[in-house]
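Colleague: I should like to go through the reasoning behind the labels attached to this model. Please set each value against its criterion.

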Amino acid sequence: MFKKKPDIPPRPKIPTVEQIIEDIDHSSPDDNIFVKSFNSESKREPTVQSNESETVYSKVKDFVEINTNLRDMLRKLEDQNEALKISDLELKAMAEDIRKQALEALQ
C-alpha cells in the first residue's frame, strides 16, 4: 500500500557562531551572497548594488563582532557575579566569627 521512502541523508550540523564568524571574515565583499539581488524586479546598476552589498556586509560583520563581544562580557559578568557571591558568604562568615569572639571576650 505505502511505498518505502528512499533513505535521506541526515541534515548537516548547524554551524557554530565561531564557524559563521570565520566564514564571514574569510569572505570577500564581492562574494555572490553579498552581490546577487534576490528581487528580480529591481534592476540596479552594478556599482550601486556593489556599494549596497558592501554596506550590508560591513553591517553584518559589525553585528557579529558586537554580538561576540556581548557574549564575552556576559561570561565575564557571570564569573564576577559568582565571585561576589562567594566573597559575600566569606565576609558574612568572618563577621559571625568576629561576633562570637567578641561575645567570648566579654564573658
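Colleague: How many salt bridges does the structure hold?

Modeller: This is a predicted model, and the structure holds three salt bridges.

Colleague: What makes the contact of arginine 75 and aspartate 72 a salt bridge?

Modeller: The criterion is a side-chain nitrogen of Lys or Arg within 4 Å of a carboxyl oxygen of Asp or Glu. For arginine 75 and aspartate 72 the N to O distance is 2.8 Å, so the contact qualifies as a salt bridge. Both residues lie in helix 3, three residues apart, about one turn of the helix.

Colleague: Are arginine 75 and aspartate 72 buried or exposed, or in between?

Modeller: Partly exposed is the class between under 20% (buried) and over 50% (exposed). Arginine 75 has 45% relative accessibility, and therefore counts as partly exposed. Aspartate 72, at 32%, is likewise partly exposed.

Colleague: How do you know that lysine 92 and aspartate 88 form a salt bridge?

Modeller: Their closest N and O atoms are 3.4 Å apart, and the limit is within 4 Å, so the pair meets the criterion. Because lysine 92 and aspartate 88 are four residues apart in helix 3, about one helical turn separates them.

Colleague: Why is lysine 92 called exposed, and why is aspartate 88 called partly exposed?

Modeller: Exposed requires over 50% relative accessible area. Lysine 92 has 51%, so the label exposed applies. Aspartate 88 has 34% relative accessibility, and therefore counts as partly exposed.

Colleague: Which residue forms a salt bridge with arginine 99?

Modeller: The partner of arginine 99 is glutamate 96, with the closest N and O atoms 3.2 Å apart. That distance is within 4 Å, so the contact is a salt bridge. Arginine 99 and glutamate 96 also lie in helix 3, three residues apart, about one turn of the helix. Glutamate 96 is partly exposed, at 36% relative accessibility.

Colleague: What makes up the patch of negative charge on the surface?

Modeller: The patch gathers Glu22, Asp23, Asp25, Asp62 and Glu65. Helix 1 (17–26) and helix 3 (46–106) each supply at least two of its residues. The largest share, three residues, comes from helix 1.

Colleague: Why can glutamate 22 meet the accessibility requirement for a patch?

Modeller: A patch residue needs over 30% relative accessible area. Glutamate 22, which lies in helix 1, has 47% relative accessibility, so the requirement is met. The same value makes glutamate 22 partly exposed.

Colleague: Which residues make the nonpolar surface patch?

Modeller: Ile66, Leu70 and Met73 make a nonpolar surface patch of about 300 Å². Methionine 73 is placed in helix 3. At 47% relative accessibility, methionine 73 is over the 30% required of patch residues, and therefore passes that test. Its class is partly exposed.

Colleague: How far apart are isoleucine 20 and valine 64 in sequence and in space?

Modeller: Isoleucine 20 and valine 64 are 44 residues apart in sequence, and their C-alpha atoms are 8.8 Å apart in space. Isoleucine 20 lies in helix 1. Its relative accessible area is 37%, so isoleucine 20 is partly exposed.

Colleague: Where is aspartate 31 found, and what is its class of exposure?

Modeller: Aspartate 31 is found in the loop between helix 1 and helix 2 (32–35). With a relative accessible area of 30%, aspartate 31 is partly exposed. The C-alpha atoms of aspartate 31 and serine 53 are separated by 9.2 Å, the two residues being 22 apart along the chain.

Colleague: What is the secondary structure of the protein chain?

Modeller: The protein chain has three helices and zero strands, in the order α-α-α from the N terminus. The UniProt annotation "coiled-coil region", from an unreviewed entry, covers residues 60–87. Over residues 60–87 the chain is 100% helix and 0% strand, with the end C-alpha atoms 40 Å apart.

Colleague: What share of the protein chain counts as buried?

Modeller: Buried means under 20% relative accessible area, so 7% of the 107 residues earn that label. The accessible surface of the protein chain is about 10,400 Å², of which 59% belongs to carbon and sulfur atoms.

How values were computed. Residues are numbered from 1 along each chain as its sequence is written. This is a predicted model: local features need pLDDT of at least 70, side-chain atom pairs count only at pLDDT 80 or more; totals for chains, interfaces and linings use all residues. Side-chain values use heavy atoms; hydrogens and water are left out. Buried means under 20% relative accessible area, exposed over 50%, partly exposed in between (1.4 Å probe, protein chains only). Accessible areas come from the Shrake-Rupley method with a 1.4 Å probe; for residues, only the protein chains shown count as cover. UniProt positions are given in the numbering used here, feature names are shortened, and annotations may be inferred rather than shown by experiment. Patches are made of residues with over 30% relative accessible area and no salt bridge: like charges are joined within 9 Å, nonpolar side chains (Val, Leu, Ile, Met, Phe, Trp, Tyr) within 5 Å. Lys and Arg count as positive and Asp and Glu as negative; His and the chain ends are not counted. The place of a charge is taken as NZ of Lys, CZ of Arg, CG of Asp or CD of Glu.
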